[in-house]
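The following paragraphs lead the reader through one protein model. They may be read with the sequence and the structure side by side.

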Amino acid sequence: MYGQIPPIEKMETSLSVLTCCEKLSLSSNCIENITNLDSFKNLKILSLGRNNIKSLVGVEAVRDTLEELWISYNLIEKLTGVNTLQKLKVLSIRHNLVKDWAEFGRLADLPVLENLVFKGNPLEEKYSIEGNWIEEASKRLPKLQKLDGTLLVEFQRRNEA
C-alpha cells in the first residue's frame, strides 16, 4: 500500500484486519503518526519511508515481533521509543533530522541491531565531513555489523593495516 493515489494520510483502524501480516509497506504516502499497529501480532518488517513522520511513538505496539524498520526520508529528530524494539536487527533511518549523539545513543539499547543506515542525518553529515563518522558511530554501537553499507569488520581491518 505504498504510493497510493490519493496518498494515505493516517494509519486507520481498518489496518487491524491484517492480523497475520508479516510485512507492511506504507511508504511514499503522507502519514504523520505511527498508529493502530496493536493487532499486528506477526509483523516483522515495517516500511514507512517517504512520509511525514516526526516521531517513532506508536511503533512500540510491535516491539515483540519487529525485526526491520525502514523509516527513511521522514522528519524524525528524536529516537524516543526505539529502545522498546528488542528484536530489531535492521534500521534504515537515513535522511531524517537526528542531530545529536544523545539520540543516536538510544540505539545502544537495541540488543540485536546489526545493520544501521543513518546516512543523511545532520549528525552523520557533520562527522563525515570531519572524517570520523564510521569510527565514532561504531564505538558507540559496538555490536553493529554494518553501518551505512560498510561492513564494520572490513573497516576495522583497513584501519589496523
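Two strands are counted as paired if DSSP finds at least two bridges between them. With that rule in hand, the sheet of this predicted model can be described. Seven strands, written 7 in the count, form an open sheet in the order E1-E2-E3-E4-E5-E6-E7, and the pairing is mixed. At the edges stand E1 and strand E7 (150-151), each of which pairs on one side only. Within the sheet, strand E3 (residues 68-70) and strand E4 (residues 90-92) run parallel and are joined by 3 bridges. In this pairing, Glu-68 stands opposite Val-90 in E4.

The edge strand E1 offers a convenient place to begin a closer inspection. Leu-24 belongs to strand E1, and with a relative accessibility of 4% this leucine counts as buried. Its C-alpha lies 6.3 Å from that of Ile-45, although Leu-24 and Ile-45 are 21 residues apart in sequence.

The loop that follows is also worth attention. Between strand E1 (23-25) and strand E2 (45-47) the chain forms a loop that contains Asn-29. Is Asn-29 buried or exposed? Asn-29 is buried, because its relative accessible area is 6%, and the limit for a buried residue is under 20%. The side chain of Asn-29 takes part in polar contacts with the backbone at two residues, Ile-8 and Ser-27. A polar atom of this side chain lies 2.8 Å from the backbone nitrogen of Ile-8. The side chain of Asn-29 also reaches the backbone oxygen of Ser-27, at 3.1 Å. Ser-28 is found in the loop between E1 and E2 as well. Its phi is positive, at about 60°, although Ser-28 is not a glycine. In contrast to the buried Asn-29, Ser-28 counts as partly exposed, at 33% relative accessibility.

A positive phi is also present in another loop. Tyr-73 is located in the loop between E3 and E4, and its phi is about 55° although this residue is not a glycine. Tyr-73 is partly exposed, with a relative accessible area of 33%. Its ring has a charged neighbour: Arg-50 lies over the face of Tyr-73, at 3.9 Å from the ring centre.

The aromatic residues form the next topic. A pair of aromatic rings is described by the distance of the centres and the angle of the planes. How many aromatic pairs does a search of the whole structure find? The search finds 6. One of them joins Phe-104 and Trp-133, whose ring centres are 5.5 Å apart and whose planes meet at 75°, an arrangement that is edge-to-face. This pair links distant parts of the chain, since Phe-104 lies in helix H1 (residues 101-105) and Trp-133 in helix H3 (residues 133-140), 29 residues apart. Phe-104 is buried, with a relative accessible area of 0%, and Trp-133 is likewise buried, at 4%. Ring pairs connect these two residues with Trp-101, Phe-118 and Tyr-127 in a cluster. One member of the cluster, Trp-101, has a charge over its ring: the charged end of Arg-140 sits 4.0 Å from the ring centre.

Phe-104 and Trp-133 lead in turn to the interior of the model. The largest nonpolar core has 43 residues, and both Phe-104 and Trp-133 are among those with the most contacts inside it, together with Leu-69, Ile-71, Leu-107 and Leu-116. The elements that give two or more residues to this core are H1, helix H2 (122-130) and H3. The largest share, 3 residues, comes from H3.

The cysteines complete the tour. How many disulfides does the count give? The count comes to 0. Cys-20 is in no disulfide, and the nearest cysteine sulfur, that of Cys-21, is 9.0 Å away, whereas a disulfide requires the two sulfur atoms to be within 2.5 Å. Cys-20 counts as exposed, at 63% relative accessibility. Cys-30, at 27% relative accessibility, counts as partly exposed.

Terms used
Residues numbered from 1 in each chain as written. Predicted model: local features only at pLDDT ≥ 70, side-chain atom pairs only at ≥ 80, totals over all residues. Heavy atoms only, no water. Helix = DSSP H or I, 4+ residues; strand = E, 2+ residues; numbered from the N terminus. Buried < 20%, exposed > 50% of the residue type's maximum accessible area, 1.4 Å probe, protein only. Polar contact = N/O pair within 3.5 Å; in protein donor to acceptor, adjacent residues only side chain to side chain. Phe/Tyr/Trp six-rings, centres within 6.5 Å; stacked < 30°, edge-to-face > 60°. Lys NZ or Arg CZ within 6 Å of the ring centre and 35° of its normal. Core = buried A, V, L, I, M, F, W, Y, C linked by side-chain atoms within 4.5 Å.
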